[in-house]
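Work through the exercises below with the sequence and the model at hand. Each task is followed by a solution in steps.

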Amino acid sequence: MDIDRLFSVKGMNAVVLGASSGIGKAIAEMFSEMGGKVVLSDIDEEGLKRLSDSLRSRGHEVNHMKCDITDLNQVKKLVNFSLSVYGNVDALYVTPSINVRKSIENYTYEDFEKVINVNLKGNFMVVKEFLSVMKNNKGGGSVVLFSSIRGTVVEPGQSVYAMTKAGIIQLAKVAAAEYGKYNIRVNVIAPGVVDTPLTRQIKSDPEWFKAYTEKTILKRWATPEEIANVALFLAMPASSYITGTVIYVDGGWTAIDGRYDPKV
């Protein structure tokens with residue numbers, strides 16, 4: 001048994017969407033550090049260039065391309081770019097997500113469209129376009145989508161976000177069912193509270209921040225790297241029998257049903 005090969009991404013090609021910050025950045029850095037090649041993508045072009053320059057300065061092979069996942073033409077261009085630089089995509093990570101925290105009554109239809117377009121439509125387009133070429137891989141591949149504890153447990157102000165995160169889980173299950181014949185595995189990571197730009201609103205409210213901390217078993221927030229650890233495992237040969245499932249990386253939040261009612 002080759003343990004080193006089982007727990008390795010060396011020689012693999014990955015595309016990481018949302019790579020400029022947070023969980024996406026942690027995945028991109030870790031994948032590169034472990035010997036993989038990465039196409040970095042994000043709507044933040046300056047952030048992409050900074051990360052790309054940083055990784056290259058450390059001797060890693062990376063390329064980058066700006067992409068707004070709500071724009072189908074840009075998604076298609078990213079697929080073609082990824083194939084042109086590396087030949088194939090072994091691992092796909094789709095991290096972009098937004099949240100508008102408002103009560104249902106205060107939600108505008110503009111808010112609704114904004115969240116749906118990124119979290120559902122954008123994710124769907126990325127999955128659809130990349131799977132259409134990943135199915136040609138001789139060795140299969142791995143797709144990792146990102147839900148949230150809010151795909152299962154909720155609180156006030158999370159209506160549309162929770163809808164989309166539950167939808168991501170079902171999208172992954174169907175994709176896993178349809179592409180298993182190509183040895184492509186599709187899984188979901190559902191993080192709890194993670195210290196990323198998406199959670200700045202919570203961190204800026206001491207009461208809210210403290211409540212979220214105390215509602216986990218481990219009594220702390222996750223780092224982006226702790227989510228990236230699991231994301232990389234799902235691309236490794238060691239995870240070859242895992243598909244169509246959700247892995248909760250939430251410090252035990254869902255196990256004890258953590259709850260806080262923010263003012264929205």
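A residue counts as buried under 20% relative accessible area, as exposed over 50%, and as partly exposed in between. The model is predicted.

**Exercise 1.** Classify Ile256 by its accessibility and state which surface patch it belongs to.

Solution. Ile256 has 45% relative accessibility; this lies between the two cut-offs, so Ile256 is partly exposed. Its place in the chain is helix 10, residues 253–256. On the surface, Ile256 forms a nonpolar patch with Ile217 and Leu218, and together they have about 280 Å² of accessible area.

**Exercise 2.** Describe the surroundings of strand 4 (residues 91–94).

Solution. Begin with the neighbouring strands. Strand 1 (residues 13–17) pairs with strand 4 in the parallel sense over four bridges, and Val16 stands opposite Tyr93. Strand 5 (residues 141–146) also runs parallel to strand 4, joined to it by four bridges, with Leu92 opposite Val143. Next, follow the chain: strand 4, helix 5 (residues 109–134) and strand 5 make a right-handed β-α-β unit. Last, look at the two faces. Ala91 and Tyr93 on one side are buried, and so are Leu92 and Val94 on the other.

**Exercise 3.** Find which residues touch the most other members of the largest nonpolar core.

Solution. The core has 33 residues, and those with the most contacts to other members are Ile27, Phe31, Leu40, Tyr93 and Ile189. Among the elements that give two or more residues to this core are strand 1, helix 2 (22–33), strand 4 and strand 5. Helix 2 gives the largest share, six residues.

**Exercise 4.** Examine three of the nine salt bridges in the structure.

Solution. Take Arg58 and Glu33 to begin with: their side chains meet at 2.8 Å, N to O. This pair links distant parts of the chain, 25 residues apart, with Arg58 in the loop between helix 3 and strand 3 (62–66) and Glu33 in helix 2. Arg58, at 38% relative accessible area, is partly exposed, as is Glu33 at 45%. Both belong to a network of salt bridges that includes Glu29.

Then take Lys49 and Asp53, which meet at 2.9 Å, N to O. They are separated by about one helical turn because they lie four residues apart in helix 3.

For Lys102 and Asp111, the closest N and O atoms are 2.7 Å apart. Lys102 is partly exposed at 28% relative accessible area, whereas Asp111 is buried at 13% relative accessibility.

How values were computed
Residues are numbered from 1 along each chain as its sequence is written. This is a predicted model: local features need pLDDT of at least 70, side-chain atom pairs count only at pLDDT 80 or more; totals for chains, interfaces and linings use all residues. Side-chain values use heavy atoms; hydrogens and water are left out. Buried means under 20% relative accessible area, exposed over 50%, partly exposed in between (1.4 Å probe, protein chains only). Two strands pair if DSSP finds at least two bridges between them. A crossover is right-handed if, with the strands pointing away from the viewer, the path from the first strand over the helix to the second runs clockwise. Patches are made of residues with over 30% relative accessible area and no salt bridge: like charges are joined within 9 Å, nonpolar side chains (Val, Leu, Ile, Met, Phe, Trp, Tyr) within 5 Å. Accessible areas come from the Shrake-Rupley method with a 1.4 Å probe; for residues, only the protein chains shown count as cover. A salt bridge is a side-chain nitrogen of Lys or Arg within 4 Å of a carboxyl oxygen of Asp or Glu. A nonpolar core is a set of buried Ala, Val, Leu, Ile, Met, Phe, Trp, Tyr and Cys residues joined through side-chain atoms within 4.5 Å.
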